[in-house]
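Hi everyone, thanks for coming. Today I'd like to walk you through one protein chain, piece by piece. Have a look at it first, and then we'll start.

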Amino acid sequence: MKSFNEVFETYNWDDTKASIYDKTAADVERALSSTQRDLEDFKALVSPAALPYLEEMAQISQRLTLDRFGRVIQLYIPLYLSNECNNICTYCGFSYDNKVRRRTLTPMEIMQEVAVIKDMGYDHVLLVTGEANQTVHTDYFKKVLDLISPHFAHISMEVQPLDVADYETLIPHGLNTVLVYQETYHQEDYRKHHPKGKKSNFLYRLETPDRLGQAGIHKMGLGVLIGLEDWRTDSFFTALHLSYLEKQYWQSKFSISFPRLRPFSGGMEPKVAMNDKELVQLICAYRLFNSEVELSISTRETEAFRNQVIKLGVTAISAGSKTNPGGYKVEPQSLEQFEISDERSAQEIAAMIRKQGYEPVWKDWDMSLISKSC
């Protein structure tokens, strides 16, 4: 079976970057007037030439989102299970060379965290760990899923890339969605940011969504860490990846996230800065390119920015997040993976969503609904 790695090898980073920056106002206008936009249109919509058209892009993005998703914003919350990690990553608080106390939550501690999350109203949880295969592995994930699946309608996971058989094993235990960010599609810079650990294998990580599709996962989440490389070029490769996956694994759903590099303990500054206006441009560009994909904004972003983008194409938002294991109840002061920016509670975010005429939804979908429809 063909994999995305083969598609990726037919593209050159520098040539792709140049073609984006060469786009003109005429290219942008052509993309805006089209009803079936392709990857060349996406290049135009993320190019510097598109910035003067941002208001028009936002209007189209809002209309397309309302047509497809209605006035619904899905709420989710991360549950950090472990900060143990065998990788060195230059941008992450959990990096192996960051000398901090490590911990992996026990079953009792996990249930203490779950109790707090349920009190907030959540029915959709995202499980997050570092990448430590000897500690947080498939057997550990199975036990965690069995423990918490009675309490949540939808469980997502953001952990180390696994093999097809591992994903197939976890699905019956309650796994619905897997997020795996490539961090950057710039292969040489990827190596600079991942000098040690299994994550240093660029091509293995690049092929992870293929393995998810082969395993039959319900939904995949894609994205890059904005700030590691040129965001326009990285976003094009994300769009390319999405297009490939939708054709190859049409049974699955897809989401895109927009994590901008945030400070952490001993952290690094972004190589390439992206301002708020440019992030709005990117969100709208994805919506104009693909009306079906879900778009998610986390608490990395500021309160003011998240208030503004609710109506511009976003379909999912986190709230009340803690990015450290035990952060809700067990050990609130432990090391965070990164600093959050929007510190409002889940109920405050829900009230903000309602104030804008939208409806907060606390889960994605329910297994009982899927069973009844099959």
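Let's begin with a word we'll need a lot: a residue is called buried when its relative accessible area is under 20%, and exposed when that area is over 50%. One more thing before we go on: what you see is a predicted model.

Now find strand β6, residues 253-257. How many of the five residues of β6 are buried? Four of them are, and that makes β6 a mostly covered strand.

Next, the neighbours of β6. Strand β5, residues 219-222, pairs with β6 in the parallel sense, and four bridges link the two. If you want one spot to look at, take glycine 221: its bridge partner in β6 is serine 255. To get from β5 to β6, the chain passes through helix α12, residues 231-248, and this β-α-β crossover is right-handed. β6 also runs parallel to β7, with three bridges joining them. Here you can look for serine 257, whose bridge partner in β7 is serine 296.

Let's move on to helix α2, which spans residues 13-21. Trp13, Thr16 and Ile20 are buried in this helix. Why do they sit on the same side of α2? Because the arc they cover around the axis is only 70°. Here is the general idea behind that: an α-helix has 3.6 residues a turn, so residues three or four places apart point the same way. Turn to the other side of α2 and you meet Asp14 and Asp15, which are exposed. And what do the buried residues of α2 pack against? They pack against α4 and α12, and α12 is the helix we just passed on the way from β5 to β6. Before we leave α2, look at its N-terminal end, which is capped by asparagine 12: a side-chain oxygen lies 3.0 Å from the backbone nitrogen of aspartate 14.

Now for the charged pairs. Searching the whole structure turns up 19 salt bridges, and I've picked a few for you.

One of them is in helix α4, between lysine 43 and glutamate 40. Their closest N and O atoms are 3.1 Å apart. The two are three residues apart in the helix, which means about one helical turn separates them. Lysine 43 counts as buried at 8% relative accessibility, while glutamate 40 is partly exposed at 36%.

The next pair is arginine 260 with glutamate 301, where the closest N and O atoms are 2.4 Å apart. Arginine 260 is in the loop between β6 and α13, and glutamate 301 is in the loop between β7 and α14, so this salt bridge ties together parts that are 41 residues apart in sequence. Are these two residues buried or exposed? Both are buried.

My third pick is arginine 306 with aspartate 342, with 2.9 Å between the closest N and O atoms. Arginine 306 belongs to helix α14 and aspartate 342 to the loop between β8 and α15, so here the pair ties together parts that are 36 residues apart in sequence. Arginine 306 is buried, with a relative accessible area of 0%, and aspartate 342 is buried too, at 1%.

Finally, salt bridges can share partners: Glu131, Glu183, Lys199 and Arg205 are joined into one network that way. That's my tour, so please ask away!

Conventions
Residues numbered from 1 in each chain as written. Predicted model: local features only at pLDDT ≥ 70, side-chain atom pairs only at ≥ 80, totals over all residues. Heavy atoms only, no water. Salt bridge = Lys/Arg side-chain N within 4 Å of Asp/Glu carboxyl O. Buried < 20%, exposed > 50% of the residue type's maximum accessible area, 1.4 Å probe, protein only. Pairing = 2+ DSSP bridges. Right-handed = clockwise from strand over helix to strand, strands pointing away. Arc of directions from axis to C-beta. Contact = heavy atoms within 4.5 Å. Polar contact = N/O pair within 3.5 Å; in protein donor to acceptor, adjacent residues only side chain to side chain.
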